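Colleague: Please take a close look at one part for me: the largest pocket. Tell me what lines it and how the side chains there are arranged.

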Amino acid sequence: AAVVKALVGRLLGEVDHDVFADRTQPWRLRVESLALELRQRLSAHPGAVPLMVGGPMDGPHALALNERLLELLADAGLDPTDAARAAYLLIVYVFGSIALEVADLHQPGPLPPEPERIASRHLAFAKTPAGHYPRAAAAAATLAGYISTQQYLWGLHRVLDGRTRTPRRDRARARRGGARRRSAARSRARRRPAGRRARSSRLPSGVQGGVVEALGRGGEARQA
């Protein structure tokens, strides 16, 4: 455990904090810089990634990295609780993506160049039986690119797009939407002509005639 902890600390100690610590830069750009920096550092040591994911991340370098990330998310407008949850979400996405990427190859040493790995995956996915798995076969090129930088950033951007979607904000947004719908309904009702509103409250002519006839028969019966 001590060896794994030391390895995790050494790898995280190699991360360049300057790429995301500049608070004059937009927060999304800083998160993206951090995510790319971590991917580059960890991909250079693919054999250590499974140990890192399965080991504790409570050393000084891990704590410093987490502190920077919390600061960055606070700059994005999140309160402390949401910032902590968003930081965990980002860590899970980054480390999970890298772990799956390095698990795709079963060989020691650095990862081969990205285009070479994607091409190899494409050859494998091109053999997918379209008769049994038509959707997977049609998406072979996209599946092959799961390990690409483009896919990595695509997922990261989707995570960041929802980073302010907190329950409190969602409830406030729902209340505003409901108020707008009620206001629009009242406006439509005011614009509707008076005659049309009056006609809408009347019974259909056939039903109305039947009611009148029934009332008339009731009156005659009472007189008899």
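Modeller: Here is the pocket, followed by its rings and the other spaces.

The model is predicted, so local features need pLDDT of at least 70 and side-chain atom pairs count only at pLDDT 80 or more, while totals for chains, interfaces and linings use all residues. Numbering starts from 1 along each chain as its sequence is written, and side-chain values use heavy atoms, leaving out hydrogens and water.

The largest pocket holds about 210 Å³ of space. A pocket here is an open set of points on a 1 Å grid, with protein on both sides within 12 Å along at least five of seven lines. Its volume is the space filled by probe spheres set on those points, joined across faces, edges and corners.

Which residues line the largest pocket? They are Arg39, Tyr93, Ser97, Leu100, Glu101, Asp104, Arg121, Tyr146, Ile147, Ser148, Gln151 and Tyr152, each with an atom within 4 Å of a point. H6 and helix H10 (149-161) each give two or more residues to this lining. H6 gives the most, with 4 residues. A helix is a DSSP run of H or I with at least four residues. By class, the lining has 5 nonpolar, 3 polar and 4 charged residues. Tyr counts as nonpolar, Arg, Asp and Glu as charged, and Ser and Gln as polar.

Now the rings. The structure holds 1 aromatic pair. Tyr93 and Tyr152 form a stacked pair, because their ring centres are 5.8 Å apart and their planes meet at 20°. Rings pair if their centres lie within 6.5 Å, and planes under 30 degrees apart count as stacked. Tyr93 belongs to helix H6 and Tyr152 to helix H10, so the pair ties together parts 59 residues apart in sequence. Both tyrosines, Tyr93 and Tyr152, are buried, meaning under 20% relative accessible area with a 1.4 Å probe, protein chains only.

Arg39 adds a charge to this picture. Arg39 lies over the face of Tyr152, 5.1 Å from the ring centre. The rule asks for CZ of Arg within 6 Å of the centre and within 35 degrees of the ring normal.

Compare the cavity. There is 1 cavity of 30 Å³ or more, a set of points where a 1.4 Å probe fits but cannot get out. The volume of the largest cavity is about 60 Å³. Its lining has 9 nonpolar residues, with no polar and no charged ones. H3 supplies the largest share, 4 residues.

Technical notes
Phe/Tyr/Trp six-rings, centres within 6.5 Å; stacked < 30°, edge-to-face > 60°. Buried < 20%, exposed > 50% of the residue type's maximum accessible area, 1.4 Å probe, protein only.
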